[in-house]
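Biologist: I am new to this structure and would like to learn how to read it feature by feature. Could you take me through it slowly, giving the general idea and then the case at hand?

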Amino acid sequence: MTDWRVGKPLWVAYERLAMALGLGALALGCLIWLPFAMLLHPLLPRRLGQPLGRFVARTGFRGYLGVLSVLCACRFDLDELDQLRDAGPLVLVANHPSLLDAVLVLARVPDTVCVMKAELMDNLLFGAAARLARFIRNDAPLRMILDAGEELDRGARLLIFPEGTRTTAFPIDRCLPTAGLIARRSQVAVQTLLIEFSTPYLGKHWPLFRRPTLPLHCRIRLGRRFNPPRDVAAFAAELESHFRAELQPPWPTTVASAAFPHARNAH
């Protein structure tokens, strides 16, 4: 059913305002924490800095989602993630439709470490906070796998997006073997997370300053939990198959075509 507000001039103006508020709130929060994170990272030992960094990230992201809910017509259904709070070490493997994906998971699952692109770890806004929380860079594969294993050994949850980047060919791109390698080496189970958005907002082909289609509905479901794999290549194919079977098209074809008309040819 089409929302009667979609396309109305006043609603379009609100969507533009909501976009500015949402992006502005994220940037402001990062800027406020930036000098503290830069100062504390070299001063605090890892045993103090790491939990502090993750606590601030989780608290800040929860607050940010609250702003999006109250002011920006965003609706988040994340309750299933609460089942992971006391689940022990897990490799959390999620599809990656939007820039908001990591924010959603980190806001609800405590002591979660994220595997991040190196350019984000070096980013002025996000880098200092990510380094204080000891998130893991993805530009050195062996170091990444070793660091991930250390985090899992101490009981943390590891969040990784097996596509390597945001999805270009929905519902899922080819899954890389990294998650399977980490799970096999650490002998830790793999929990799949199924992330669904009502529109492709902030997806790979959605420009940062393009207004959203509101209200925006975001949901995360718990998918299948896999035992540590023996055959990493076969596991990557099985993982991709599971995502394809569980994920429905998250928006009408007409909306997707309007949002990124060239997406079909993207690789």
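Modeller: Please keep in mind that this is a predicted model. A good place to begin is the sheet, which is read by following the order of its strands: here seven strands form an open sheet in the order S1-S7-S6-S2-S5-S3-S4, and their pairing is mixed.

Biologist: Which strands stand at the edges of the sheet?

Modeller: Strand S1 (74-77) and strand S4 (136-137) stand there, and because each has a single partner strand, one side of each is left without a neighbour in the sheet.

Biologist: In which sense do strand S6 and strand S7 pair, and over how many bridges?

Modeller: Strand S6, residues 190-197, and strand S7, residues 216-226, pair in the antiparallel sense, and seven bridges join them. To follow the pairing at the level of single residues, you can start from Leu193, whose bridge partner in S7 is Leu222.

Biologist: How should I read the nonpolar residues, and which of them have the most contacts inside the largest core?

Modeller: The general idea is that in soluble globular proteins nonpolar side chains tend to be buried together. In this model the largest nonpolar core has 69 residues, and those with the most contacts inside it are Val91, Phe135, Leu158, Leu159 and Leu193. Helix H3, residues 101-108, provides the largest share of this core, with six residues. Another core, of five residues, lies apart from it, and its members include Trp33, Leu34, Ala37 and Ala128.

Biologist: What is Leu158 in contact with, leaving aside its neighbours within four places in sequence?

Modeller: With those neighbours left aside, the contacts of Leu158 include Leu90, Val91 and Leu92, as well as Val113, Val115 and Ile136. Ala148, Leu152 and Ile182 are also among the residues that Leu158 contacts.

Biologist: Is Gln50 buried or exposed?

Modeller: Gln50 is found in helix H2, residues 46-71, and its relative accessible area is 4%, under the 20% cut-off, so this residue counts as buried. Beyond its neighbours within four places in sequence, Gln50 is in contact with Leu132, Ala133, Arg134, Glu151 and Arg154.

Biologist: Let us turn to charged side chains. How many salt bridges does a search of the whole structure find?

Modeller: The search finds 19 salt bridges, and for each one it is useful to ask where the two partners lie along the chain. In one of them the side chains of Arg54 and Asp111 meet at 2.9 Å, N to O. This pair links distant parts of the chain, 57 residues apart, with Arg54 in helix H2 and Asp111 in the loop between H3 and strand S3 (112-116). Arg54 counts as buried at 6% relative accessibility, whereas Asp111, with a relative accessible area of 27%, is partly exposed.

Biologist: Which residues are linked with Arg54 and Asp111 in a network of salt bridges?

Modeller: The network also includes Arg46, Glu151 and Arg154.

Biologist: Where do the partners Arg108 and Asp82 lie?

Modeller: Their side chains meet in a salt bridge of 2.8 Å, N to O. Arg108 lies in helix H3 and Asp82 in the loop between S1 and strand S2 (90-94), so the pair ties together parts that are 26 residues apart in sequence. Arg108 counts as buried, at 15% relative accessibility, and Asp82 counts as partly exposed, at 27%.

Conventions. Residues are numbered from 1 along each chain as its sequence is written. This is a predicted model: local features need pLDDT of at least 70, side-chain atom pairs count only at pLDDT 80 or more; totals for chains, interfaces and linings use all residues. Side-chain values use heavy atoms; hydrogens and water are left out. Two strands pair if DSSP finds at least two bridges between them. Helices (H or I, at least four residues) and strands (E, at least two) are DSSP runs, numbered from the N terminus. A nonpolar core is a set of buried Ala, Val, Leu, Ile, Met, Phe, Trp, Tyr and Cys residues joined through side-chain atoms within 4.5 Å. Buried means under 20% relative accessible area, exposed over 50%, partly exposed in between (1.4 Å probe, protein chains only). Contact means heavy atoms within 4.5 Å. A salt bridge is a side-chain nitrogen of Lys or Arg within 4 Å of a carboxyl oxygen of Asp or Glu.
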